[in-house]
Amino acid sequence: MNATGRPLLRAGLIGAATGMRSQWGPAAVAWSGGRVPASSSAQPGFWDRPWVRGATLAAATAEFVADKSSRIPSRLTFAGLTPRLALAAACAVVLARRHHVSARTAVTAAIGASSACASAVAGTRWRRANRNHVGAAAAEDVFAAVLAWSACTPRLTRPAPSQPSQRRTRRLPAEREAKGRPMEYEVRAEYAEVAPAQSDHPRVETWHMTKADETEALCGQSLDPAAKTLPGTAWGTSEVDPFCRVCGAQYLRQGV
Ligand SMILES: [Zn+2]
């Protein structure tokens, strides 16, 4: 959901909750606010004050109990509906200011109130349609609580978690070459003294790794400029066996 839709969704949710339980919206708003540390000199906002929280909780609890009575007056009367809509609008505005800096007050209030009106009507119909008065009321309780919680949760504002960053993988220099980079390393032969490079059948004593076009191996060994070379990608294959262990270790380290 984009940044414009979230404050409206939040207003709709808290409005719907307040339409069902007029005191639950204010209680949710009060109890989901930030707490001001005792050491701080900052004054808590109205909804964060302990007595406001206490009062909203007491009112919400009283409504929870009273609502189970079959003699409770309809919420659709003028006296029942008007304060409900006003509370819904107020809660929607408070939440919008808390979570969405740019939200428009009038639009938010209107959505909160109209959502409360709709849910008050729907709740009344639901209650009339069910013979089990307490059961229907309890189901409505659960629904209202979920709506109120959803409206107040900061998760609604947080952007979706980004994709986990790709793990850095250890890549060998030869693999980097395969990715189209210029060749950085090559394998160069060290010959047995009895059969130097110039002889017809030179015998390779050890293969070493060098940087491209260099004759000094990674292990420090100086190699014959005329010695046979192979691309660095030959490392690890049987073609360059035996391979200098020190060069192999150095080559791995360069690959980090
Ligand atoms: Zn070496």
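Start where two helices touch: Ile14, Ala17 and Thr18 in helix 1 meet Trp24, Gly25 and Ala28 in helix 2. Sorted by class, that contact has 4 nonpolar, 2 polar and no charged residues. Keep in mind that this is a predicted model.

**How helix 1 and helix 2 cross**
- The two helices pack at an angle of about 130 degrees, and their axes are 7 Å apart.
- Angles from 65 to 115 degrees count as roughly perpendicular and those over 145 as roughly antiparallel, so helix 1 and helix 2 are oblique to each other.
- Alanine 17 has contacts beyond its sequence neighbours within four places: Trp24, Gly25, Ala28, Ala144, Leu147, Ala148 and Ala151.

**Helix 4**
- Helix 4 covers residues 78–99, and at 1.5 Å a residue its 22 residues should span 32 Å; the end C-alpha atoms are indeed 32 Å apart, so the two values agree.
- Plenty of helix 4 is tucked away: its buried residues include Arg84, Leu85, Leu87, Cys91, Val93 and Val94.
- Those buried residues pack against helix 1 (5–20), helix 2 (24–31), helix 5 (105–129) and helix 6 (133–152).

**The nonpolar cores**
- The largest nonpolar core has 35 residues, and the members touching the most others are Ile14, Ala17, Ala88, Ala92, Leu95, Ala148 and Ala151.
- At least two residues of this core come from each of helix 1, helix 2, helix 4, helix 5 and helix 6.
- Helix 4 chips in the largest share, with 10 residues.
- There's also a second, separate core of 15 residues, with Ala189, Tyr191, Met209 and Leu218 among them.

Key:
Residues numbered from 1 in each chain as written. Predicted model: local features only at pLDDT ≥ 70, side-chain atom pairs only at ≥ 80, totals over all residues. Helix = DSSP H or I, 4+ residues; strand = E, 2+ residues; numbered from the N terminus. Expected span 1.5 Å × (residues − 1). Buried ≥ 20, exposed ≤ 12 C-beta atoms within 10 Å, placed from the backbone. Contact = placed C-beta atoms within 7 Å. Core = buried A, V, L, I, M, F, W, Y, C linked by C-beta atoms within 7 Å. Axes fitted to C-alpha atoms, helices over the stretch in contact; angles between N-to-C directions. Parallel < 35°, antiparallel > 145°, perpendicular 65-115°, else oblique. Nonpolar A, V, L, I, M, F, W, Y, C, P; charged D, E, K, R; others polar.
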